[in-house]
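Colleague: I'm new to this one and would love a guided close look at a single part. Could you take me through the surroundings of the ligand?

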Amino acid sequence: MSLLLIDAGRHACARLHDAGHQAFFAGGAVRDRLLSRPFTDLDIATCATPAQVAALFPDARTVGASFGVVLVQCLGVELQIATFRSDHSYSDHRRPCSVTYETDPRADVLRRDFTINGLLENPLTGEILDYVNGRADLDARIIGAIGDPVVRFAEDALRMLRAVRFAARLGFAIHPATLAAIQQNAPAIQAISSERVRDELSLILTESNPRQGFVLLDQSGLLPLILPEIAAMRGVAQPPEYHPEGDVFTHTLLCLGYLENPSLELALAALLHDVAKPATFNDSSGRIRFDGHAEPGASLARGILTRLRYPNAVIDSVVSLVANHMRFMDVDRMGQAAFKRLLRLPRFDDQLELLRADSLAALRPLATYDLVRRRIAEIPPEQIRPPRLLTGGDLIAMGFPAGPLIGEILQAIETAQLDGALSTPDDARAFAASRFHD
Ligand code: ATP
Ligand code: MG
């Protein structure tokens with residue numbers, strides 16, 4: 001994808017140059033090119049006004065017109081072409097009240113967030129324009145704000161989460177002055193809409209290093225403001241024989257660290273699987289216990305994800321993963337029927353991955369996980385959801401009364417079928433007659 005984007009971007013810049021305008025690759029694509037990382041979108045910055053851009057690209061579509069961004073198609077690829085601009089007077093920690101189009105590329109760089117995101121590249125000559133020491137910070141692996149960090153985070157509080165996200169994704173450090181400014185401005189994050197916080201959080205969780213992301217959210221003071229329930233895990237002790245890694249917060253972060261390219265649902269479930277441990281902590285017996293923490297954890301997770309405006313389908317999946325995360329614990333004593341029902345859980349692959357990460361995060365051998373995998377391998381897939389042997393109507397025809405008993409008998413028949421004790425409708429009839437007719 002990156003190569004096609006670059007070709008398309010060169011094409012678009014050449015057209016702008018031919019018409020007498022300056023045009024550069026800007027932002028993330030330049031950063032990622034210098035880091036030899038793939039990228040999926042390409043932003044072009046130009047001195048041409050949106051009207052001038054539109055005149056050169058017949059299919060141009062204007063988006064966010066007040067910010068001067070035009071979408072164009074080039075070689076079948078969509079590109080964003082934005083007019084150089086400066087932003088003015090942020091009154092609400094979110095959006096500039098007005099923007100001014102500029103002809104000087106430097107002005108456009110100075111309104112950007114971090115030095116590594118402030119590089120411009122002339123794609124026709126390969127020249128890099130670096131007004132903010134972005135290359136030095138790329139080399140030193142540092143996320144540093146452009147300009148006065150305190151001012152820049154007060155202008156737009158979302159940048160604080162972006163700093164964490166880029167640091168985690170790239171494995172960079174946040175410059176001490178930039179980190180101190182986040183700590184100072186952290187409460188302003190509450191002015192940002194839940195949707196925008198959610199989107200940054202989702203990226204932090206699913207990009208390359210969610211564990212570092214949460215270490216930084218904690219260090220920066222943002223964590224108790226956006227996810228107080230996770231901050232509350234800090235200092236909640238666990239029984240050392242089961243959790244030598246330390247407190248619930250340490251365990252949760254380790255669990256995030258063991259995920260490999262997780263789905264969003266799995267990453268959220270790893271974050272939230274023990275969210276009810278602070279509330280269920282009980283050491284009255286002389287030993288620390290968190291009895292039944294999975295169920296209250298599921299309802300806490302629902303509340304948190306609803307607050308963050310995740311879609312219902314995501315919420316339902318995460319809630320199920322959290323609610324069921326302890327169900328593997330007695331898998332060595334579990335009969336076939338119960339085990340097969342476990343395999344039918346929604347998003348079972350994620351459920352199993354959560355088990356793997358949860359076990360590793362407790363410094364536990366993967367014995368349970370390996371046993372589950374071995375048992376799965378022994379079960380032919382068609383035996384997980386075998387066809388029903390009898391219907392409720394069949395039972396009524398046998399003389400059983402309509403009502404709750406019918407459901408009970410059907411369940412018992414399925415259990416015996418999953419256990420391998422029944423395999424035909426006649427078996428099932430005989431079973432029902434002997435067990436439930438008196
Ligand atoms: P990604 O790889 O996540 O897309 P990106 O750097 O391309 O990273 P975008 O959100 O696509 O980030 O934004 C493109 C560019 O716009 C950034 O590189 C940065 O220069 C600028 N930018 C984006 N958001 C902000 C912001 N909130 N404040 C200042 N500049 C911003
Ligand atoms: Mg981008």
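Of the 15 residues around ligand 1, which come nearest?

Modeller: Happy to! Please keep in mind that this is a predicted model. The residues that come nearest to ligand 1 are Arg31, Asp156, Arg159, Arg162 and Arg169, out of 15 around it.

Two of those arginines also appear among the polar contacts. In arginine 159, a side-chain N or O atom is 2.7 Å from a nitrogen atom of ligand 1. For arginine 162, a side-chain N or O atom lies 2.9 Å from an oxygen atom of the ligand. Arginine 112 joins in as well, with a polar side-chain atom 3.0 Å from an oxygen atom of ligand 1. On its own, ligand 1 would expose 580 Å², and the protein buries 77% of that.

Now step back to the wider setting. Ligand 1 takes up the space of the largest pocket. Two elements, helix 2 (28–34) and helix 7 (158–170), each give two or more residues to the shell around the ligand. Helix 7 contributes the most, with 5 residues. Looking at domains, the shell draws at least three residues from domain 1 (2–140) and at least three from domain 2 (152–220).

Finally, the chemistry of the shell: 11 of its residues are charged, 3 are polar and 1 is nonpolar.

Methods: Residues are numbered from 1 along each chain as its sequence is written. Chains are lettered from A and ligands numbered from 1 in the order in which they are written. This is a predicted model: local features need pLDDT of at least 70, side-chain atom pairs count only at pLDDT 80 or more; totals for chains, interfaces and linings use all residues. Side-chain values use heavy atoms; hydrogens and water are left out. A residue is near a molecule or strand if one of its heavy atoms lies within 4 Å of it. A polar contact is a pair of N or O atoms within 3.5 Å; within protein, one must be able to donate a hydrogen and the other to accept it, and residues adjacent in sequence count only if both atoms are side-chain atoms. Accessible areas come from the Shrake-Rupley method with a 1.4 Å probe; for residues, only the protein chains shown count as cover. On a 1 Å grid over the protein atoms alone, a cavity is a set of points where a 1.4 Å probe fits but cannot get out, and a pocket is an open set with protein on both sides within 12 Å along at least five of seven lines; lining residues have an atom within 4 Å of a point. A molecule sits in a cavity or pocket if more than half of its atoms lie within 2 Å of its grid points. Helices (H or I, at least four residues) and strands (E, at least two) are DSSP runs, numbered from the N terminus. Ala, Val, Leu, Ile, Met, Phe, Trp, Tyr, Cys and Pro count as nonpolar, Asp, Glu, Lys and Arg as charged, and the others, Gly among them, as polar. Domain bounds come from an automatic or database domain assignment.
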